[in-house]
Amino acid sequence: MDNARAAVTHALKDIPSQACQECLQWLGTLLPPDESLQNGEILGYYIGYKISNSSEPFHYKTFEVTPGMELQNTLNELQKFTEYSVLVQAYNRAGAGPHSKEVTATTEEDVPGAPPSDVQCTALSSQRILVLWSSPPESAINGILKGYKVLYRSLADFEDFSHPVEQITRDNKLELANLDRFCNYSIEVCAFTNKGDGVKSRPIFCRTLEDVPSEPADIKALIMDSRTILVSWRPPNYPNGRIQKYKVYVRSLDGIGLDKDSFDIPAEQTFYTITHLELHHRYEFWVSAFTAVGESAGSRHIVQAPASHVPAQIASFTQQVIAVLHEDLHLSCNYVGEPAPLRHWRKNEKPVQDSNVKINDEWQLYISPVRASHAGNYTCSVENKFGKDEITYYVKVQVPPTPSDVRVTSRSISSILLHWNISLEINNIIQGFSLHFKREFGEWEKIVLTADDLSYLLSNLQCGTRYYLYLQTFNQLGQSSPTPTIMTRTQGSAPVAPSSADLIKVNSTSISLNLTSWNDGGCPITSLVVEYKQKKAIAWTLVSNNIKVEKAEFLVLDLDPETWYTLRITAHNSAGSTAEEYNFVTLTYGGATISPDTAEHSVSEDKTFYSDLLIIGPTASAVIVLIAAATGLFMYLRKNQEMFSSNPFGDKPLKKDLMSEADKRTVAPIYDSDDGLVALSTTPQESVYLPTPLQVSHSHRKGISPYATFRVPLEGSMKNAENIESRVSSGSVQYTGNVKISEKPDCCTELTYSKIQENSQCSNEGPEWIPLHNLYQAHRY
């Protein structure tokens, strides 16, 4: 063993480490000890590893080898970008040798596994935002941190959407400049290493501060009469804040004095009527807008002079309109003219004909609700003898596009992975996705995703459960149409029942159930219900309805030995339920196994006829009828017996002519003078025997039996027998069976209602049993 301890000199050769996506690996090559130091056959190696400079013990992995095998092994599931110490020991049948010197190696870098935390933003001005954050946990960086990327984009107008702007910094803060005024921005931050970008932080939103607005977009000045001008304007294209008011300015170009040269107008109003002007004098008009920060530049200036002729003109403006699906749309056509002009609304140069489109008394076109078919060009025109005018609204029904090719790409027992597509052109006009899902018989839930997401792992789902999913996009205009609903389910199935041999262990008065024999189908079994009954019974006995599978063994007690039972077990999990029945027979008291035939016979004996509720009624009725019939027969036979005792032959001898022709043909007398036997032969299937009466002691006399055989006193029976013999000889007695009258003392002493064979063994005792049927046949009139 001393030489074995010195066996490993160079046990590990350090080579570059390798990494993979699923797990981190460290790859090393082993060099065996010199042959002179092996001291036997090398069976394998113990590879020890731990994080360098840590106090934890070495973890060992056994690497068995065969002759000629390459001595190389991989250590898996290591931490990313972490230095490990590794050593190796060779072992043979005598044990392990000394370990090699420790060598170190570092696993490769990876992208950061966590986003920066505590991301915040603050608006510094109308065009600057300061973003602050904290670094990800050191253990989640997975490499050398190279810096941070800040991704931001404007949410001011869906038409201006673009891919996020990206800025890089090494610091934990960044000032974003040259932003749009009073504009909302979405901001995300991620860390990156040489391997790439890490996980993005959740978006935060910041709005730049207000500024003065841009000038009103357009202005009109229309003659209303000889002293009045109507001024209308369009709001600024860039409000840069909340418009608080407008100001209308007027200036005389002909030196006419004005009572007032400016007028403040509320923010919701975009027109104003200026009166008390002089006929044919020229006036200059312009408009400005105000926010909390200040006044905008003035609009373009326009000149107009009151006149006695008022041409038809429209105060509203030609413009593009974005309509929202399923909402209402109002298109104004404010006009002037004297005399009152003719007015027309047209859609795509045709008269408007749509049940959802109405025109009110103010000549305003009203669409409710907006549909995709309402997109188009709407033109309002007015005309009188002094002039004509028209404006056009270019209406676009804009909704977020519906995602395409939504599909489930993978499933597990608790998750579903979804993928979908959307074109880059369309992607510029959405803010995000809404994923709607619900489990079968559950309520709908919603998850909001970013516009960059084209896949999502839906997790924490129930095993083996059916789910329904659909997707929508959204932006400032609302939600898109939903995608077709997808039906899928997580992996896993209802429990699978085991075989009887694996589940049940039988005893005399109990059984033991091996609950671990149930296959859970991939979904944990939540509970088991156990019931049993005797095999041919109807009602079940509930043992328990909430047995946990953690209880590996379960006993069912208080059973009867040597009895067939049916066991029913129902297993529940999130995927469904499985019920299975098992037949078994308990052992004997001594613990022996009984044969199936014996067990079935035992069951039939144990199962009384009244155990089945379905036959109790009919059976009880039949028993009552049989008892009544037996009672009647007994009374009738007893009456005949009394008649036979008092007057065995009666005063009315049988007449020969009472026998039917059929009886005459089937009854033939047979005489045997030696035995003193007279027999009337009929069919061979039935014989009626009347033994020669003998004296019977009183100790053997008993009452009449209700069955076919009974005992009667035999005093005077010889005389009766002689009378019977004489009547048989004269042919005055009729019989339907064979009657044998014997005077031999050794005749069989006990006769029954069933046929007695002629070769029956006889005893020396005299007969004391007389068949009731024989007496009845022999002595009936």
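The paragraphs below lead through one strand and its partners, then a pocket, and then several salt bridges.

The structure is a predicted model, in which local features need pLDDT of at least 70 and side-chain atom pairs count only at pLDDT 80 or more, while totals for chains, interfaces and linings use all residues. Residues are numbered from 1 along each chain as its sequence is written, and side-chain values use heavy atoms, with hydrogens and water left out.

A good place to begin is strand E12, which covers residues 147–154; helices (H or I, at least four residues) and strands (E, at least two) are DSSP runs, numbered from the N terminus. Eight of the eight residues of E12 are buried, so this strand is largely enclosed by the rest of the structure, where buried means under 20% relative accessible area, exposed means over 50%, and partly exposed lies in between, with a 1.4 Å probe and protein chains only. The cover reaches both faces of E12, since Gly-147, Lys-149, Leu-151 and Arg-153 on one side are buried, as are Tyr-148, Val-150, Tyr-152 and Ser-154 on the other.

Which strands pair with E12? Two strands pair if DSSP finds at least two bridges between them, and E12 pairs in the antiparallel sense with strand E15 (residues 184–193) over eight bridges, with Val-150 standing opposite Val-189 in E15. E12 also pairs with strand E13 (residues 165–169), again in the antiparallel sense, over five bridges, and there Tyr-152 has Val-165 as its bridge partner.

The next feature is the largest pocket, which holds about 850 Å³ of space. A pocket is found on a 1 Å grid over the protein atoms alone, as an open set of points where a 1.4 Å probe fits, with protein on both sides within 12 Å along at least five of seven lines; lining residues have an atom within 4 Å of a point. Grid points are joined across faces, edges and corners, and the volume is the space filled by probe spheres set on the points. Of the 27 residues that line the largest pocket, Trp-233, Arg-234, Pro-235, Thr-270 and Gln-319 lie nearest its centre. Two or more lining residues come from each of strands E19 (228–236), E26 (319–323), E27 (329–331) and E28 (335–338), and E19 gives the most, with six residues.

The last topic is charge. Side chains of opposite charge can pair when their charged atoms come close. A search of the whole structure finds 17 salt bridges, each being a side-chain nitrogen of Lys or Arg within 4 Å of a carboxyl oxygen of Asp or Glu. In one of them, Glu-175 meets Arg-128, with the closest N and O atoms 2.9 Å apart. Glu-175 lies in strand E14 (residues 173–176) and Arg-128 in the loop between strands E10 (117–123) and E11 (129–134), so the pair ties together parts that are 47 residues apart in sequence. Glu-175 is partly exposed at 38% relative accessible area, and Arg-128 is partly exposed at 30%.

Another salt bridge joins the side chains of Glu-349 and Arg-346 (3.2 Å, N to O); here Glu-349 is exposed, with a relative accessible area of 57%, whereas Arg-346 is buried, with 19%. Finally, Lys-149, which was met above as a buried residue of E12, is linked with Glu-166 and Asp-197 in a network of salt bridges.
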